[in-house]
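I set out to record what surrounds the ligand, how the chain is divided, and how two of the helices pack. My entries follow the order in which I looked these up.

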Amino acid sequence: VEWTPELGWHDARITPYGPLTLDPATAVLHYAQETFEGMKAYRHGDGSVHLFRPEENAKRMIRSSQRLAFPELPVGDFIAAVEALVKVDERWVPDNTDGGEKSLYLRPFMFASETFLGVRPAQHVTFMVIASPAGAYFKGGVKPVTLWLSEEYTRAGRGGMGAAKTGGNYASSLVAQQEAIAQGCDQVVFLDAQEGKYVEELGGMNLYFVQDDGRIVTPETGTILEGITRASIIELAGKLAHQVEERKFSIDEWREGVTNGSITEIFACGTAAVVTPVGSLKWKDGQLPGPASTELTMRIRSALVDIQFGRADDTFGWMHQVS
Ligand code: PMP
């Protein structure tokens, strides 16, 4: 789908997958005006295909596009585009009758397709969706993610783009992720840019801390990506009689809580892994093991996965049937 000021959104079409031909002066290649989403289509036991909360992805793309000075793609048009592609690619939505967690990954994205060199919002914008079958994130059972604490780099500051899903945020996180891998860790933990003290999120997941009184804490929004899994867990946890507090959570509170046992579980969440226990945390001068328990983590994980794959009643009305 294309956008220009004269025509608005127009020329919606589905074409065979293949390379794009771009002019070397295409704005996105130079000034990174782009935003994207990540979501999945799931096949249920009866063969039907469903999206998980697509209107939330559509709304998040609108929030991201406002930050990136893009025109707004209406929620209905976003969902219609994703649905149309899933229908065409229906045979690529994997079967899960073996109890698996396979899906069709969907990547909607919007970019500045105008040809010009200059810093201003593009007057020609392109919105596309691509799809690819995805295997289960965990093969052979859920395994805790190990974390590297980035003390040198931050992902987003106040007034920045932290809440937007835009490539620039991921570009700025690459060196930190490279460091994490060099340290033998799976993911990087980012702290806030102002004080370097409060936990924000991982490279590609949000975080949750379970306390011994049953309450669950998750870092507040503002500079983090507002995960759709994160939001769903707040609702699910409530149903499981666990209150969720969205507040600032310092790295000291993490270290002390694990050491004195007042934090009983830590988990991370996102579209890819859904929910995963957090294992050890490593930083320049030290290391901390993950809490031993994963009881509530795994309960929340199953509750969510079972809804997505149609093995439990969709009491929240989260699933959106496509075919
Ligand atoms: N934080 C970041 C930085 C991410 O890239 C993602 C993955 N989209 C998330 C959190 C989790 O978001 P969601 O639950 O919508 O996948």
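**Ligand shell**

I listed the residues around the ligand in this predicted model. They are Gly-38, Glu-201, Gly-204, Met-205, Asn-206, Leu-225, Gly-227, Ile-228, Thr-229, Arg-230, Gly-270 and Thr-271. I then sorted the shell by class and obtained seven polar, three nonpolar and two charged residues. Helix H5, residues 228-239, supplies the largest share of this shell, with three residues.

**Domains**

I looked up the division of the protein chain and noted domain 1 at 2-136 and domain 2 at 145-308. Over C-alpha atoms, the centres of domain 1 and domain 2 are 26 Å apart. I found 19 residues of domain 1 in contact with 13 residues of domain 2. On the side of domain 1 that touches domain 2, strand S3 (34-36), strand S4 (39-43) and helix H2 (54-67) each contribute at least two residues. The largest share of that side, six residues, belongs to H2. By class, I recorded nine charged, six nonpolar and four polar residues on the side of domain 1 that touches domain 2.

**Helices H5 and H7**

I returned to H5 and examined its packing with helix H7, residues 295-308. Their axes come within 11 Å and cross at roughly 110°. H5 is therefore roughly perpendicular to H7. Which residues make the contact? From H5 I noted Ser-232, Ile-233, Leu-236 and Ala-237, and from H7 Ile-300, Ala-303 and Leu-304. The contact of H5 with H7 comprises six nonpolar residues, one polar residue and no charged residues.

Note on methods: Residues are numbered from 1 along each chain as its sequence is written. This is a predicted model: local features need pLDDT of at least 70, side-chain atom pairs count only at pLDDT 80 or more; totals for chains, interfaces and linings use all residues. A residue is near a molecule or strand if its C-beta atom, placed from the backbone, lies within 6 Å of it. Helices (H or I, at least four residues) and strands (E, at least two) are DSSP runs, numbered from the N terminus. Ala, Val, Leu, Ile, Met, Phe, Trp, Tyr, Cys and Pro count as nonpolar, Asp, Glu, Lys and Arg as charged, and the others, Gly among them, as polar. Domain bounds come from an automatic or database domain assignment. Two residues are in contact if their C-beta atoms, placed from the backbone, lie within 7 Å. Axes are lines fitted to C-alpha atoms, for helices over the stretch in contact, and angles run from 0 to 180 degrees between N-to-C directions. Angles under 35 degrees count as roughly parallel, over 145 as roughly antiparallel, 65 to 115 as roughly perpendicular and the rest as oblique.
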